[in-house]
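Student: Could you take me slowly through one part of this protein? I would like a close look at a single helix.

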Amino acid sequence: GGANGMYLTMDTSLAVDTLRLSSTNNNDTSHKKENAQLLGVWGVAGFIGTALGPLVGGPLLYIFGKTDEEVDGEMVYSIRGYGVVLGLSAFYYICSAITLRWIR
């Protein structure tokens with residue numbers, strides 16, 4: 001819970017800090033509209049990532065971690081399957097770090 005809160009705080013701060021500052025002229029609303037659109041795209045991108053994670057990770061866990069064991073009638077997955085899913089997560093984090101390197 002706490003780690004997720006820290007992540008979301010930093011993620012939101014990074015998104016807001018990359019927006020252009022509004023001009024001092026109150027009649028110029030082009031920056032505000034552009035910033036609103038960019039924050040909308042950022043929100044949709046976050047949702048897509050959250051939605052695609054289980055769609056990719058679930059089948060990978062099933063394919064690489066399926067065992068014949070059951071505990072209380074529930075399927076048990078091997079450490080290999082979890083290793084594949086966590087390895088994919090690490091790969092995604094490295095890709096995002098490389099991508100974010102150019103943001104100033």
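Tutor: Happily; here is a walk along helix α2. Residues are numbered from 1 along each chain as its sequence is written, and side-chain values use heavy atoms, with hydrogens and water left out. This is a predicted model, where local features need pLDDT of at least 70, side-chain atom pairs count only at pLDDT 80 or more, and totals for chains, interfaces and linings use all residues.

Let's start with the shape. Helices here are DSSP runs (H or I, at least four residues), and strands are E runs of at least two, numbered from the N terminus. With 36 residues, α2 reaches 51 Å from its first C-alpha to its last, close to the 52 Å expected at 1.5 Å a residue; that expected span is 1.5 Å times one less than the number of residues. At L52, α2 bends by about 25°, and a proline, P54, follows within four residues. The bend is the angle between axes fitted to the seven residues ending at a residue and the seven starting there.

Now for the buried side. H31, N35, G57, L61 and G65 are the buried residues of α2, and they pack against β1 (66-71), β2 (74-77) and α3. N35 counts as buried because its relative accessible area is 11%, where buried means under 20%, exposed over 50% and partly exposed in between (1.4 Å probe, protein chains only). Leaving aside neighbours within four places in sequence, N35 is in contact with L19 and R20, contact meaning heavy atoms within 4.5 Å.
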